[in-house]
Protein chains: 2
Amino acid sequence: MEKKQRKLPDSCGLGPALAVIGGKWKALLLWQIHQAQPCRFGELKRLQPEISEKMLIQHLREMEADGIIHREVFHQVPPRVEYSVTPEGAELDLALAPLGEWGEKHQERAEKAKAGAARAARTAAEGAARG
Amino acid sequence: MEKKQRKLPDSCGLGPALAVIGGKWKALLLWQIHQAQPCRFGELKRLQPEISEKMLIQHLREMEADGIIHREVFHQVPPRVEYSVTPEGAELDLALAPLGEWGEKHQERAEKAKAGAARAARTAAEGAARG
DNA sequence: ACAAGTACAGACAAAAAAGTAAGGTACCTA
DNA sequence: TAGGTACCTTACTTTTTTGTCTGTACTTGT
């Protein structure tokens, strides 16, 4: 098992929380599984083709170990595995919502700031050209 | 500038949000600055002696660039720099609250589960010894 | 026979984040 | 002249995380 998880300092419960959803794709996965519940491994792979299989499995396993998703194996052939969120995972998804909203707002602001800076730079350049 | 920030995929605004508070100590710093506002560099260093000066500065600078904290330099000697949270930073801190609560609950559950597992293992061992 | 689909596992390498240790400025005190 | 305070900067190393690629076991379709 290649898990050690960079230990986060935990005053308030943020350390443990970030340890659980800190992975690069975990929040996204939780969100997608919550949407398309229950969904299969291959489905997730198709939904997010940018994730490598290794990371997909690794994250799924860690999330399972953390109790936020449930994994059910059907002994069929070809194999079939279904993932769904646990009640705890659903709560986490909910707790993540305000953060997501903040992120969107922040992103907009950052874009505006960048546009503003570009405009200012242009104006400054014109001013300099006029001398 | 040694910042590239592991790019997080962003459906919903979680990507950008985690990019901002994903650093090992950032959430903690934001929280502490919010508490003891305004506070000086040395103060933060004393409050959290485990952070190396390098990470402290690096995180503070990134958070400043992200617009969640404000840095004010007083041209005195010895130098004096004060950090405070911006309105945007305060909002983030608020948005982080539910996540923190989830983290605490989750931690408790995890501890109970571990205790339960240990008890079960003990019982099983006793059973085996008798059997 | 051979490709394709399912759900993984493992070795290895690259990239990113964090840590360590030393130095640098600018002024003050002994 | 040495040492102290406050706030950093830089170079270098280690640790952690992510990515690439190859392989498994079994069945179905051509």
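**Exercise 1. In what order do the helices and strands of chain A follow one another from the N terminus on?**

Solution. Let's start by counting: chain A of this predicted model has 5 helices and 3 strands. Reading from the N terminus on, the elements run α-α-β-α-α-β-β-α. For an overall view of the chain, add that 38% of its 131 residues count as buried. Contacts come next: among those in chain A with a separation of 6 or more, 50% are between residues 24 or more positions apart. Finally, the accessible surface of chain A comes to about 7700 Å², and carbon and sulfur atoms hold 55% of that area.

**Exercise 2. Work out how strands E2 and E3 of chain A are joined and paired.**

Solution. Find the two strands first: E2(A) covers residues 69–74 and E3(A) covers residues 80–85. Next, look at the link, which is a hairpin of 5 residues leading from E2(A) to E3(A). Then check the pairing: the sense is antiparallel, with 6 bridges. As a spot check, find A:Phe74 and look across to E3(A), where A:Arg80 stands opposite.

**Exercise 3. Describe helix H4 of chain A, from its span to its packing.**

Solution. Begin with the geometry. H4(A) takes in residues 53–65, which is 13 residues. From first C-alpha to last, H4(A) reaches 18 Å, close to the 18 Å expected at 1.5 Å a residue.

Now for burial, where the cut-off is under 20% relative accessible area. The buried residues in H4(A) are A:Leu56, A:Gln58, A:His59, A:Leu60, A:Glu62 and A:Met63. A handy reminder for reading such a list: an α-helix has 3.6 residues a turn, so residues three or four places apart point the same way.

What do these buried residues pack against? Their partners in chain A are helix H2 (26–35), helix H3 (41–47), E2 and E3. One last step takes you just past the helix, to A:Gly67, which has a positive phi of about 75°.

**Exercise 4. Lay out the sheet of chain B and explain why E1 and E2 stand at its edges.**

Solution. The sheet is open, with 3 strands in the order E1-E3-E2 and antiparallel pairing. Strand E1 (39–40) and strand E2 (69–74) of chain B each have a single partner strand, so each has one side without a neighbour in the sheet. Take the E1(B) side in more detail: 2 bridges join E1(B) to E3(B), residues 80–85, in antiparallel fashion. In E3(B), B:Tyr83 is the bridge partner of B:Cys39.

Now add the helices. H2(B), residues 26–35, packs on the sheet and touches E1, E2 and E3 of chain B. The direction of H2(B) makes about 100° with that of E3(B). H4(B), residues 53–65, also packs on the sheet, touching E2 and E3 of chain B, and its direction makes about 110° with that of E2(B).

**Exercise 5. Which rotation superposes chain B on chain A?**

Solution. The superposition needs a rotation of 180° with 0.0 Å of shift along the axis, and the RMSD is 0.1 Å. The two copies are therefore related as by a two-fold rotation axis. To place that axis, look for the C-alpha of chain B nearest to it: this belongs to B:Gly22, 3.6 Å away. The last step concerns the interface, where the same surface serves both copies, with 100% of the contact residues of chain B recurring in chain A.

Technical notes:
Residues are numbered from 1 along each chain as its sequence is written. Chains are lettered from A and ligands numbered from 1 in the order in which they are written. This is a predicted model: local features need pLDDT of at least 70, side-chain atom pairs count only at pLDDT 80 or more; totals for chains, interfaces and linings use all residues. Side-chain values use heavy atoms; hydrogens and water are left out. Two strands pair if DSSP finds at least two bridges between them. Helices (H or I, at least four residues) and strands (E, at least two) are DSSP runs, numbered from the N terminus. The expected span of a helix is 1.5 Å times one less than its number of residues. Buried means under 20% relative accessible area, exposed over 50%, partly exposed in between (1.4 Å probe, protein chains only). Contact means heavy atoms within 4.5 Å. Accessible areas come from the Shrake-Rupley method with a 1.4 Å probe; for residues, only the protein chains shown count as cover. Axes are lines fitted to C-alpha atoms, for helices over the stretch in contact, and angles run from 0 to 180 degrees between N-to-C directions. Copies are superposed by least squares on the C-alpha atoms of residues with pLDDT of at least 70 in both.
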